[in-house]
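User: Hi! I am new to protein structures, and I would like to learn how the words used for them are justified. Could you take me through this one?

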Amino acid sequence: MKVLITRRIPEVAINLLKKNKFEILQPISDKPISKNRLKLLAEQADGILSLLTDRIDKELINSLQRCKVIANFAVGYNNIDIIAASEKGIIVTNTPGVLTDSTADLTIALMLNTTRRISESEKFLRDGKFTGWKPDLLLGRELKNKILGIIGAGAIGQAVGERALSFGLKIIYYNRSPKREFERKTRSKKVSLNTLLKTSDIISIHLPLSDETKNLLSKEKLELLKRDAVIINTSRGEILDEQHMIKMLESNRIYSAGLDVFHNEPDINPRLLKMRNVIVLPHVGSATVETRNAMAELAAKNIINVLKGRKPLTPVNHE
Ligand code: GLV
C-alpha cells in the first residue's frame with residue numbers, strides 16, 4: 001500500500017512506515033506541495049500524511065480513489081474538510097497530547113516576553129542604544145497577582161494554567177464544559193466570555209479553529225478588554241479580528257500582543273511588524289525536536305493502524 005507524505009517531516013515517520021512495508025510516494029521535498037501535485041499523488045495513495053499548510057478541501061477529498069486515512073501532522077485540523085472526509089468514509093487523525101507541553105511553554109514565553117519587553121530590550125541593546133543601567137529603562141509589568149483569562153481549557157489551555165500558577169497569576173477560564181480537576185489544581189474559575197474579557201489582564205487563546213470559533217473575538221468582543229490588556233495567541237489567527245486588534249495596539253488601547261499565529265500566514269500584516277509592543281513568531285508553538293519527532297511518530301502510527309484494519313490512536317472523526 002502507498003502513503004503520501006506531503007512534505008519532509010522527521011525521519012521516524014518514514015522509517016516506521018517503511019518498516020511496516022508501506023511504499024512512500026514521491027521523493028519527499030522540503031517545499032510545500034503544489035495543489036496539482038497533491039491531487040495527482042493523493043489519487044494513488046491509501047493514506048495521506050498531511051501538514052497544516054495543505055488545503056485538503058471537499059474537491060480534493062472527492063477526487064480520492066483509495067484513501068482510507070488522512071493523518072494531519074498538527075493538533076489543529078481546520079485545513080481539512082472533515083465533513084467531506086467523513087462522508088467518504090475517510091478517517092482523519094491529528095496529533096494531540098504530544099505537543100501540549102511545547103505549546104504551553106511557548107505561550108508562557110510570550111507572556112514573559114510581552115510583559116517584560118524582552119524582544120524590545122534585546123533590539124535596543126543590539127541597536128547600540130544601551131548606555132548604562134537606568135532606573136526607568138524599559139520598565140515592564142509583573143505577572144504576580146494579575147488575572148490570566150484562558151480561552152479554551154483543553155489540554156494546552158490547562159497546561160498553560162498550571163504553569164501560570166507558579167508565576168502567581170490568578171486564573172479564570174472560558175470553556176464549553178467545566179474542568180473541575182483543572183479548577184482544583186489551579187484554583188481557577190469558569191466564567192462567561194464577556195466576563196473573561198472584561199476582567200483579564202492577560203488573555204491567552206487555546207481554541208481550535210472552526211465555524212463556531214472563527215472571529216469569536218470580534219471587534220465588539222475585543223472592545224470589552226481592559227485598558228492595557230495583553231493578548232497572547234498560539235492557536236489560530238482567525239479566531240480574532242486581527243485588523244481591530246492592530247488598531248487597538250497602534251492606539252495603545254491595549255498594552256501588547258504576543259502572536260505565534262496570524263491571518264493569511266505566512267503573509268503577516270506589515271503593520272504588526274512595525275509596532276514595538278507586538279511580539280511576532282513564525283508559528284513555532286510545537287517546534288521542539290522532541291515534539292516534532294513525537295508528532296511524526298503519532299501521525300505514522302495512525303496511518304499504519306487504519307491501513308492494517310486497527311483503530312486509529314487519535315481520530316477526529318468517528319465513522
Ligand atoms: C499547530 O499549529 C498545530 O495545530 O499543531
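Analyst: Happily; we will go through the ligand, a buried residue, the cavities and a pocket. This is a predicted model, in which local features need pLDDT of at least 70 and side-chain atom pairs count only at pLDDT 80 or more, while totals for chains, interfaces and linings use all residues. Residues are numbered from 1 along each chain as its sequence is written, and side-chain values use heavy atoms, with hydrogens and water left out.

User: Which residues are around the ligand, and what makes a residue count as near?

Analyst: A residue is near if one of its heavy atoms lies within 4 Å of the molecule. Leu52, Ala74, Val75, Gly76, Leu99, Arg236 and His283 are the residues around the ligand.

User: What is an oxygen atom of the ligand 2.7 Å from?

Analyst: The partner is an N or O atom in the side chain of arginine 236. A polar contact is a pair of N or O atoms within 3.5 Å (within protein, one must be able to donate a hydrogen and the other to accept it, and residues adjacent in sequence count only if both atoms are side-chain atoms), so the 2.7 Å pair qualifies. A ligand oxygen also lies 2.8 Å from a polar backbone atom of valine 75, and a ligand oxygen lies 2.8 Å from a polar backbone atom of glycine 76.

User: Why does threonine 186 count as buried?

Analyst: Buried means under 20% relative accessible area, exposed over 50%, and partly exposed in between (1.4 Å probe, protein chains only). Threonine 186 has 2% relative accessibility, so this residue counts as buried. The side chains of threonine 186 and serine 188 are joined by a polar contact of 2.8 Å.

User: What makes a space a cavity and not a pocket?

Analyst: On a 1 Å grid over the protein atoms alone, a cavity is a set of points where a 1.4 Å probe fits but cannot get out; a pocket is an open set with protein on both sides within 12 Å along at least five of seven lines, and lining residues have an atom within 4 Å of a point. There are 2 cavities of 30 Å³ or more. The largest cavity holds about 70 Å³ and is lined by Lys35, Leu38, Lys39, Arg55, Asp57, Glu59 and Leu60.

User: Which residues lie nearest the centre of the second largest pocket?

Analyst: They are Ser119, Glu120, Lys123, Met275 and Arg276, from a lining of 14 residues. This pocket has a volume of about 280 Å³.

Definitions and conventions: Grid points are joined across faces, edges and corners, and a volume is the space filled by probe spheres set on the points.
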